[in-house]
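Please walk through this model one part at a time. Keep the sequence and the 3D view side by side.

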Amino acid sequence: MAAKNALCDYGGGGFEELRSGDTLNGASGGGSSTPASVISSSCFETSGRYDVASGGSGTRSFNNDGLNFSTGATGTSYSDVDFRLGIDLASFNSFNPRMTLLSQLANAGSTAEAFQGLGNPNISGTAITWTAKHIGFECQRASSASTWYATNADGSTQTHTSFTNSSDTDMNEYFWIRSSSNVKFYLNGVLQVTHTTNIPSASVSRITFCVTNKATASNTGFTTASFTLAKDAY
Amino acid sequence: MPHIFLHPKAYHCPACGYAQSFEPTRANMDLHFPGDDIAEGACPSCGGQMEAQTAETAKTTFVHPTADEFEEQLARPIPTGKVTESDVLVPTGKFIRIGDEDVELHEKTLIAEARFLTESERSDATKRHTEKLAELQSKYIEIKQ
């Protein structure tokens with residue numbers, strides 16, 4: 001049986017076999033190209049792939065919306081869902097790691113804080129440890145209003161910067177990309193914040209979705225439809 | 001729970017709200033937006049003109065344990081089994097500006113955290129915290145200026 005060759009769209013309509021000397025995702029002849037991506041993603045198909053924890057009335061469910069995680073109405077409650085990447089950030093931090101989240105605020109309580117992104121900060125019914133190594137998005141609920149932050153920390157210090165997110169009850173696309181000198185944060189494709197300080201480069205191997213009501217008796221929860229973590233292949 | 005936090009927002013675009021933690025010089029923009037050919041001072045998100053935040057709004061706050069919390073930390077039982085990084089790096093304290101007093105508290109924190117470490121881990125942690133302290137101090141000096 002003849003070996004099957006890879007197909008490529010050269011722009012002339014239809015797909016052709018990959019030509020000798022081509023690079024993946026790039027121009028022919030081995031010239032400059034955009035590297036292919038390696039992707040780890042999920043639409044929360046199964047709960048068994050995740051480490052879950054909760055306290056008080058905190059809960060989570062995996063259903064046809066994706067992942068729902070919420071504090072419930074009892075004070076001092078939290079919900080924590082972690083995805084093990086199977087690889088440490090140290091192995092890919094120089095390959096432009098980037099992450100997309102599709103998420104919405106599903107239950108808008110009066111007081112809460114939530115994190116979604118790369119990293120595994122400690123969480124309790126009262127707080128999230130924001131100094132733990134992470135890159136992602138932070139939502140603070142106070143007086144029934146949201147403030148969203150682009151956030152990262154290197155294990156000792158957090159850098160976070162607020163940005164306007166006036167429709168967080170809609171399903172929004174949150175995206176960040178780390179380069180050698182910075183992390184850029186986007187909301188629905190629009191650049192919001194660029195950070196250059198306290199960016200972690202190792203000892204991060206989980207993706208976390210968590211929320212706490214900070215000891216207040218109110219229910220805050222999110223629906224996250226999917227996430228994608230990608231890196232350049234080379 | 002209090003935590004160390006930094007709210008740089010050093011430069012922002014009043015038109016679209018974009019913010020970045022570095023001065024938008026041509027060299028810096030070329031470094032952080034290579035190939036995008038962004039003019040000095042221009043917002044990379046909407047093309048507007050960025051502005052420096054005033055000292056009043058560019059708040060930078062660091063957290064260290066208070067004296068009481070330091071005593072409490074010392075009284076914490078030493079955990080058994082393997083000690084993870086989060087066991088020793090979780091800070092407690094209140095929001096305070098870094099200064100001479102904070103430096104002293106930071107040094108006390110080092111002592112408290114070192115109780116939970118092996119000899120080699122202690123050496124690494126001391127180095128890491130010493131570097132971080134120098135970094136915090138330099139930022140404090142920059143802000144004061």
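A residue counts as buried under 20% relative accessible area, as exposed over 50%, and as partly exposed in between. The model is predicted. With those cut-offs in hand, take A:Asn188. Its relative accessibility is 41%, so A:Asn188 counts as partly exposed. The residue sits in the loop between E14 and strand E15 (190–195) of chain A. A:Asn188 is not a glycine, yet its phi is positive, at about 50°.

A second asparagine also deserves a look. A:Asn198 has a positive phi of about 60°, and it is not a glycine either. Its loop runs between E15 and strand E16 (206–212) of chain A. Is A:Asn198 buried or exposed? At 7% relative accessibility, A:Asn198 falls under the 20% limit, so it counts as buried.

Another loop position is A:Gly155. This glycine lies between strand E11 (145–153) and strand E12 (158–163) of chain A. Its relative accessible area is 8%, so A:Gly155 is buried. Look across to A:His134. The two residues are 21 residues apart along the chain, and their C-alpha atoms are separated by 8.1 Å.

Now step back to the chains. Chain A has 17 strands and zero helices. Of its 234 residues, 50% are buried. Consider the contacts in chain A between residues at least 6 apart in sequence: 63% of them join residues at least 24 apart.

Chain B mixes both kinds of element. It has five helices and six strands. Along the sequence they follow the pattern β-β-β-α-β-β-α-α-β-α-α. Chain B has 145 residues, and buried residues make up 42% of them. Among its contacts between residues at least 6 apart in sequence, 67% join residues at least 24 apart.

Turn next to the aromatic rings. A pair of aromatic rings is described by the distance of the centres and the angle of the planes. How many aromatic pairs are there over all chains? The count comes to 17. One of them joins A:Tyr50 and A:Phe62. Their ring centres are 5.2 Å apart and their planes meet at 35°, so the pair is tilted. A:Tyr50 belongs to strand E4 (residues 50–55) of chain A and A:Phe62 to strand E5 (residues 59–63) of chain A, so the pair ties together parts twelve residues apart in sequence. The two partners fall in separate burial classes. A:Tyr50 has 7% relative accessibility, so it counts as buried. A:Phe62 has 21%, so it counts as partly exposed.

A further pair is formed by A:Phe137 and A:Phe185. The geometry is edge-to-face, with 5.7 Å centre to centre and 90° between the planes. This pair links distant parts of the chain: A:Phe137 is in strand E10 of chain A, A:Phe185 is in strand E14 (residues 183–187) of chain A, and they are 48 residues apart. Both values of relative accessible area lie under the 20% limit. A:Phe137 has 3%, so it is buried. A:Phe185 has 0%, so it is buried too.

Rings also receive charges. Which lysine lies over the face of B:Phe33? It is A:Lys184, at 4.3 Å from the ring centre. Within chain A, A:Lys231 lies over the face of A:Phe95, at 4.8 Å from the ring centre.

Finish with the empty space. Rolling a probe the size of a water molecule over the atoms shows where empty space is left. A search of the whole structure finds three cavities of 30 Å³ or more. The second largest has a volume of about 50 Å³. Which residues line the second largest cavity? They are A:Leu101, A:Ser103, A:Ala114, A:Phe115, A:Gln116, A:Phe137, A:Cys139, A:Trp148, A:Tyr174 and A:Phe222. Strand E8 (98–107), strand E9 (112–119) and strand E10 (134–142) of chain A are the elements that give two or more residues to this lining. E9(A) gives the most, with three residues. By type, the lining of the second largest cavity has eight nonpolar residues, two polar and no charged. A:Phe137 appears here again: it lines this cavity, and its ring pairs edge-to-face with A:Phe185.

Notes. Residues are numbered from 1 along each chain as its sequence is written. Chains are lettered from A and ligands numbered from 1 in the order in which they are written. This is a predicted model: local features need pLDDT of at least 70, side-chain atom pairs count only at pLDDT 80 or more; totals for chains, interfaces and linings use all residues. Side-chain values use heavy atoms; hydrogens and water are left out. On a 1 Å grid over the protein atoms alone, a cavity is a set of points where a 1.4 Å probe fits but cannot get out, and a pocket is an open set with protein on both sides within 12 Å along at least five of seven lines; lining residues have an atom within 4 Å of a point. Grid points are joined across faces, edges and corners, and a volume is the space filled by probe spheres set on the points. Helices (H or I, at least four residues) and strands (E, at least two) are DSSP runs, numbered from the N terminus. Ala, Val, Leu, Ile, Met, Phe, Trp, Tyr, Cys and Pro count as nonpolar, Asp, Glu, Lys and Arg as charged, and the others, Gly among them, as polar. Rings of Phe, Tyr and Trp (its six-membered ring) pair if their centres lie within 6.5 Å; planes under 30 degrees apart count as stacked, over 60 as edge-to-face and the rest as tilted. Buried means under 20% relative accessible area, exposed over 50%, partly exposed in between (1.4 Å probe, protein chains only). A charge sits over a ring if NZ of Lys or CZ of Arg is within 6 Å of the ring centre and within 35 degrees of the ring normal. Contact means heavy atoms within 4.5 Å.
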